[in-house]
Amino acid sequence: MKNKTLIFDLDSTLYYAGNQMEKLCYNKVMSFLIENMKVNKIQAMKLIKEFRKNYHYDSEAIAKEYPFSQSEFIEYVCDIPTDFISEDKELATILKQISNSKYIVTDSTQKHTKDVLEKIKINKDLFVYIYDAHDMDYIFKYNKICFEKFLDKFNLCAQDCVIFEDSIKNLEVAKSCGMITVFVKPDKIEKPQYVDYMFSDIKTALKELFL
Ligand SMILES: [Mg+2]
């Protein structure tokens with residue numbers, strides 16, 4: 001694992017988010033709809049339900065069915081308070097000790113990533129690049145093209161990459177590209193077949209595999 005490139009998801013991978021992120025994002029989507037579409041709370045909730053039935057991401061529904069871009073929607077929705085995230089000195093130290101090159105690949109934004117890293121107190125310069133939703137051209141990680149474009153941009157070979165993720169769907173896609181997959185999962189479940197390693201948290205994963 002010495003020369004492998006490390007690819008980190010952000011939310012619920014580099015820190016434990018519980019259901020906080022989901023709640024905060026849901027509320028932001030609600031307020032986007034209420035402000036921009038002149039709907040009330042109940043109508044907004046119905047719309048979100050529809051979006052989630054028909055699309056992977058709300059942003060895809062918004063861009064397809066309404067006169068808003070994924071960019072403006074995502075910037076708005078990902079601009080959430082990060083005060084539920086706390087400093088993690090141990091993680092900061094572990095990441096510094098591991099000399100492998102590191103990337104963040106997140107379906108969120110640069111701003112949100114920087115806000116989160118600041119809260120955990122991880123220096124963003126530890127990462128070669130923060131690859132966000134805009135870099136992806138809104139083709140998200142559940143789509144193989146996302147990883148193919150990322151690998152191509154940085155001239156990386158999938159077999160030389162280890163990806164850390166809490167999303168099982170994203171790991172399945174990363175595995176199909178040829179990456180080594182690490183599932184960061186606080187609950188005890190059986191290891192899915194396309195997961196190479198499974199750990200309860202990112203620090204345990206990094207210590208076991210790289211220190
Ligand atoms: Mg995540």
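**Close-up 1. D137 sits exposed in a loop of this predicted model.** D137 has just 12 other C-beta atoms within 10 Å, and because 12 or fewer makes a residue exposed, D137 counts as exposed. Look for D137 in the loop that runs between β3 (129-131) and α7 (144-153). The backbone has a little quirk here: phi is positive, about 55°, even though D137 isn't a glycine.

**Close-up 2. N155 is another non-glycine residue with a positive phi.** Move along to the loop between α7 and β4 (161-165), and there's N155. Its phi is about 55°. N155 is exposed, since 6 other C-beta atoms lie within 10 Å.

**Close-up 3. Helices α1 and α2 pack against each other at about 120°.** Here α1 (residues 20-37) meets α2 (residues 41-54), with 9 Å between the two axes. The crossing of α1 past α2 is right-handed. On the α1 side, the contact is made by V29, M30, L33 and I34, while α2 brings in K41, A44, L47 and I48. Sort the residues of this contact by type and you get 7 nonpolar, 1 charged and no polar.

**Close-up 4. S31 is a partly exposed residue of helix α1.** S31 has 14 C-beta neighbours inside 10 Å, so S31 counts as partly exposed. For a sense of scale, try S31 and E148: they're 117 residues apart in sequence, and their C-alpha atoms are 34 Å apart in space.

**Close-up 5. Domain 1 meets domain 2.** The domain assignment gives domain 1 as 5-16 + 87-210 and domain 2 as 20-77. Taken over C-alpha atoms, the centres of the two domains are 26 Å apart. Where they touch, 8 residues of domain 1 are in contact with 8 residues of domain 2. The domain 1 side of that contact is made up of 4 nonpolar, 3 polar and 1 charged residues.

**Close-up 6. The largest nonpolar core holds 46 residues.** Which of them touch the most other members? That would be I7, F8, V162, I163, F164 and V182. Both domains chip in, with at least three residues of this core coming from each of domain 1 and domain 2. In soluble globular proteins, nonpolar side chains tend to be buried together.

**Close-up 7. I163 and its contacts from further along the chain.** Skip the neighbours within four places in sequence, and I163 is in contact with I7, L171, A174, M179, T181 and V182. Among them, I7 and V182 also turn up in the list of core residues that touch the most other members, as does I163 itself.

How values were computed. Residues are numbered from 1 along each chain as its sequence is written. This is a predicted model: local features need pLDDT of at least 70, side-chain atom pairs count only at pLDDT 80 or more; totals for chains, interfaces and linings use all residues. Domain bounds come from an automatic or database domain assignment. Two residues are in contact if their C-beta atoms, placed from the backbone, lie within 7 Å. Ala, Val, Leu, Ile, Met, Phe, Trp, Tyr, Cys and Pro count as nonpolar, Asp, Glu, Lys and Arg as charged, and the others, Gly among them, as polar. A nonpolar core is a set of buried Ala, Val, Leu, Ile, Met, Phe, Trp, Tyr and Cys residues joined through C-beta atoms within 7 Å. A residue is buried if 20 or more other C-beta atoms lie within 10 Å of its own, exposed if 12 or fewer, and partly exposed in between; C-beta atoms are placed from the backbone. Helices (H or I, at least four residues) and strands (E, at least two) are DSSP runs, numbered from the N terminus. Axes are lines fitted to C-alpha atoms, for helices over the stretch in contact, and angles run from 0 to 180 degrees between N-to-C directions. A crossing is left-handed if the near helix is turned anticlockwise from the far one by less than a right angle, and right-handed if clockwise.
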